[in-house]
Amino acid sequence: MRPHFFALALVLLLAAPALTQAKNDTPKPGKVTELTSKAHGRKYSLVVPSAYAKKKSWPLVISSHGRGGSGAGEMRAWQALANKHGFIVACPDMVTATHNRPPTSNLPGWKEDDEVVLSIYEEVSGWFRVNPRAVMITGFSGGGNPSYHTGLGHPEVFTHICTRGGNFSPQQVPRKKEILEQGRSALSILIFYGEKDHPLIVGENGQPGAARNAYDALQKAGYENVAIEEVAGMK
């Protein structure tokens, strides 16, 4: 598992300054910009590190909030990390991460989220030099749903998936043979959760929770680079 995953786990402890508003012009490095995706006009927050320069390519993180959250709220945990470690981060509003926000089209929520995330990836890659070998989708709690579904479903885009106490369903593992075959070797996946997390994540009464179920399902499906980590004492 690649080392930068563990530095990104510090997201749970950080806070960020107030957001700035902007249209979908090219965002300025070092500030949080509020944008709308080309697909479905979904809101998302974007930070480009203040040290950004075109002479090299930069990692990209797309991060999902949990139930009841928002992209703007999720970004509060990421701005300091993005500037310190030098990566671009986008935080969209996600339909499949929360039951409090209905879809904005007639599509199923998972398909709409897919299209939104991919359109954000294309837009950000058009503005900035994104490293195609370092594109991660991550999510907290309910954000595990779009992280697994979109990340596993698009190994041609994503190189890393990281869930933080994330929800999981076996239906999120791709059924198409070609997607499975590409993702098995192309993706690096980290599942981490707190020792005192919700029983749905850690399990109870001797039954595994979402974290262990995800790990077991991905191992069974043949993914080669999967790790699971329990953070001692953390809720």
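**Reading burial and pockets in a predicted model**

By class, four nonpolar, five polar and three charged residues line the second largest pocket.

User: Before the pocket, how many helices and strands does the protein have?

Analyst: This is a predicted model. The protein has eight helices and nine strands. Among contacts with a separation of 6 or more, 70% are between residues 24 or more positions apart.

User: What share of the residues is buried?

Analyst: Buried means under 20% relative accessible area. Of the 235 residues in the protein, 49% are buried. The accessible surface comes to about 11200 Å², and carbon and sulfur atoms hold 51% of that surface.

User: How do I read burial in one helix, say α5: how many of its residues are buried?

Analyst: Start with the geometry. An α-helix has 3.6 residues a turn, so residues three or four places apart point the same way. Now the case here: α5 covers residues 144-153. Nine of the 10 residues of α5 are buried, so the rest of the structure largely encloses this helix. Among the buried ones are Asn 145, Tyr 148, Thr 150 and Leu 152.

User: Is Thr 150 buried or exposed?

Analyst: Thr 150 is buried, because its relative accessibility is 0%.

User: Which side chain makes a polar contact with the side chain of Thr 150?

Analyst: That of Asp 114, at 2.4 Å. Outside its neighbours within four places in sequence, Thr 150 is in contact with Asp 114, Val 117, Ile 137 and Phe 158.

User: Now the pockets. How is empty space found?

Analyst: Rolling a probe the size of a water molecule over the atoms shows where empty space is left. In this model, the largest pocket holds about 320 Å³ of space. Its lining consists of 16 residues, and Arg 67, Ala 97, Ser 141, Gly 142 and Asn 167 lie nearest its centre. By class, that lining has five nonpolar, nine polar and two charged residues.

User: What is the volume of the second largest pocket, and which residues line the second largest pocket?

Analyst: Its volume is about 270 Å³. The lining is made up of Trp 110, Asp 114, His 149, Gly 153, His 154, Gln 171, Gln 172, Val 173, Pro 174, Arg 175, Lys 176 and Ile 179. Two elements, α4 (109-127) and α5, each give two or more residues to this lining.

User: Which residue links this pocket to Thr 150?

Analyst: Asp 114 is one of the lining residues of the second largest pocket, and its side chain has the polar contact with Thr 150.

Notes. Residues are numbered from 1 along each chain as its sequence is written. This is a predicted model: local features need pLDDT of at least 70, side-chain atom pairs count only at pLDDT 80 or more; totals for chains, interfaces and linings use all residues. Side-chain values use heavy atoms; hydrogens and water are left out. Helices (H or I, at least four residues) and strands (E, at least two) are DSSP runs, numbered from the N terminus. Buried means under 20% relative accessible area, exposed over 50%, partly exposed in between (1.4 Å probe, protein chains only). Contact means heavy atoms within 4.5 Å. Accessible areas come from the Shrake-Rupley method with a 1.4 Å probe; for residues, only the protein chains shown count as cover. A polar contact is a pair of N or O atoms within 3.5 Å; within protein, one must be able to donate a hydrogen and the other to accept it, and residues adjacent in sequence count only if both atoms are side-chain atoms. On a 1 Å grid over the protein atoms alone, a cavity is a set of points where a 1.4 Å probe fits but cannot get out, and a pocket is an open set with protein on both sides within 12 Å along at least five of seven lines; lining residues have an atom within 4 Å of a point. Grid points are joined across faces, edges and corners, and a volume is the space filled by probe spheres set on the points. Ala, Val, Leu, Ile, Met, Phe, Trp, Tyr, Cys and Pro count as nonpolar, Asp, Glu, Lys and Arg as charged, and the others, Gly among them, as polar.
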